[in-house]
Amino acid sequence: MKRLLILGICLLAMLTGREAFASEPVVKTGIEVLRDRGFEELKGRRVGLVTNPSGVDAHLRSTIDILFNAPEVELVALFGPEHGVRGDVYAGGHVTDAVDAATGLPVYSLYGPTRKPAPEMLEGIDVMVYDIQDVGVRSYTYISTLGLVMEACGEKGIEVMVLDRPNPLGGNKIEGCVVEPGFFSFVSQYRIPYVYGLTVGEVAMMINEEGMNCGQKGTQEPAHCKLTVIPMEGWTRDMVYEDTGLPWVLPSPNIPFKDTPVYYAAAGICGELYGFLNIGIGYTLPFQVFSATWLDAVRLKERLESYGLPGISFRTIWFKPFSGSQKGELVQGVQYFFTDYEQARITETQFYVMQAVAELYPDRKAFEIIKGYGLFDKVCGTDYVRYEIQKHYRASDIIGYWRKMLSAHCRRNTTSINP
């Protein structure tokens, strides 16, 4: 009888899992909406495509293959952002021009010596399609690539078509200061908050309508383009990625799971302080831990809990990274979870961790043990955060600055393409 009961439970679990997997997503992405329209907007046109492995439909068919085989659509060139169109280039590695083995199409690199498409790359293209899953964080380079593509196409009179996709952080989460003059870069290309609460289609519209493509240089005239956004169906601003029912295809190697973008926002800035803490890169929990060989996990957990941060919980963790400078060494620290996402100030987590470490280990303060601060100022969009933290290592000293302008910025830019 006991064996039969166990067998029954297992069969029920298998059936439930199959039903969940077979259920239709509640959101249709832009590529699926375009296909349902019969590719009407692309028929008879020569098409370029900026994409990577995350450009897929709900059944994991690549946008490359979908457009390559679409009737009366001539896909003529592919453009590879960071990590490449097939995802075979690791973080920071240069993408090279090549030929796509599956289609025979030329692949032009947009992450290397060339980040803005050169005029000769655009020869013969009537419309440039963009289809990449964004993560909703300003420092993630794909929206920077999008803006440079829009700028180059605008100069050549080429239409840009963005196939919209969900913002995995949702449309209501907005955090972080805007980029200050002098700090525009490929990881902070627009004057928007660090977490901006827009879909990639809405970002494209904002860039175009507000002339944000002049942001880095600050002196040139804004570059506009003819822009079309193919909207999603079924997505609403209160949805995080889990709510969409869509499969998650990692848009880059260290964003493997559908909730990783949340943790990227919470730990990625701290991760730019190389030599300070291990944040899970090189382990199975990228961006979801704060650890080191010299930390006391219990003391760190207790100190972080004493701050009473809303919507977040901590647990102690010990592990050995399998790559990186601490490969094979036992590190310890905390793993953290957002238990109330709406209440949590996700990006501020890392600043409180820096405070806790400084309080527990006065000789291990972040900016005093590292050899430089990497991209920290660039991803923050300012040097104010670094200068203020260095004074007393109190998160409260920068919170007011980090939260400024949030009530007004971005919400005014949210268009009606997504309710």
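## Inside the fold: a cavity, a pocket and a covered helix

By class, the lining of the largest cavity comes out as 6 nonpolar, 3 polar and 2 charged residues. That's a good place to start with this model, which is a predicted one. The protein chain has 419 residues, and 57% of them are buried. Below is a quick tour, from the whole chain down to a few single residues.

**The chain as a whole**

- You'll find 12 helices and 10 strands in the protein chain.
- Take the contacts with a separation of 6 or more: residues 24 or more positions apart make up 73% of them.
- The protein chain exposes about 17800 Å², and 53% of that comes from carbon and sulfur atoms.

**The cavity**

- The count of cavities of 30 Å³ or more comes to 1.
- The largest cavity holds about 70 Å³ of space.
- Its lining draws on residues from well-separated numbers in the sequence, including Thr29, Val56, Gln133, Arg165 and Val249.
- Ser54, Asp57, Ala58, Tyr241, Leu246 and Pro247 are also among the lining residues of the largest cavity.

**Threonine 29, one of the cavity liners**

- Thr29 lines the largest cavity, and threonine 29 sits in the loop between helix H1 (2-22) and helix H2 (30-36).
- Threonine 29 has a relative accessible area of 1%, so it counts as buried, the cut-off being under 20%.
- Beyond its neighbours within four places in sequence, threonine 29 is in contact with Val56, Asp164, Arg165, Pro166, Met232 and Leu246.
- Val56, Arg165 and Leu246 from that contact list are also in the lining of the largest cavity.
- Threonine 29 and valine 56 are 27 residues apart in sequence, with 8.9 Å from C-alpha to C-alpha.

**The pocket**

- The largest pocket has about 1200 Å³ of space.
- A total of 47 residues line the largest pocket, and Asn254, Gly271, Glu272, Tyr274 and Ile281 lie nearest its centre.
- Sorted by class, the lining of the largest pocket has 25 nonpolar, 18 polar and 4 charged residues.

**Glycine 271, by the pocket centre**

- Gly271 is one of the residues nearest the centre of the largest pocket, and glycine 271 belongs to the loop between H6 and S8.
- With a relative accessible area of 18%, glycine 271 is buried, because the cut-off is under 20%.
- Glycine 271 and leucine 375 are 104 residues apart along the chain, while their C-alpha atoms are separated by 9.4 Å.

**Helix H6**

- H6 is mostly covered, with 8 of its 8 residues buried.
- The buried residues of H6 are Thr260, Pro261, Val262, Tyr263, Tyr264, Ala265, Ala266 and Ala267.
- The cover over the buried residues of H6 includes strand S8 (289-292), strand S10 (331-338) and helix H8 (349-360).

**Arginine 237, a buried charged residue**

- The loop between strand S7 (227-230) and helix H6 (260-267) is home to arginine 237.
- Arginine counts as charged, yet arginine 237 is buried, because its relative accessibility is 12% and the cut-off is under 20%.
- What does the side chain of arginine 237 reach? The side chain of arginine 237 gets to the backbone oxygen of glycine 197, at 2.8 Å.
- That 2.8 Å makes the pair a polar contact, because the cut-off is within 3.5 Å.

How values were computed. Residues numbered from 1 in each chain as written. Predicted model: local features only at pLDDT ≥ 70, side-chain atom pairs only at ≥ 80, totals over all residues. Heavy atoms only, no water. Helix = DSSP H or I, 4+ residues; strand = E, 2+ residues; numbered from the N terminus. Buried < 20%, exposed > 50% of the residue type's maximum accessible area, 1.4 Å probe, protein only. Polar contact = N/O pair within 3.5 Å; in protein donor to acceptor, adjacent residues only side chain to side chain. 1 Å grid on protein atoms, 1.4 Å probe; cavity = no way out; pocket = protein on both sides within 12 Å on 5 of 7 lines; lining within 4 Å. Points joined across faces, edges and corners; volume = space filled by probe spheres on them. Contact = heavy atoms within 4.5 Å. Areas by Shrake-Rupley, 256 points an atom, 1.4 Å probe, with all protein chains shown as cover.
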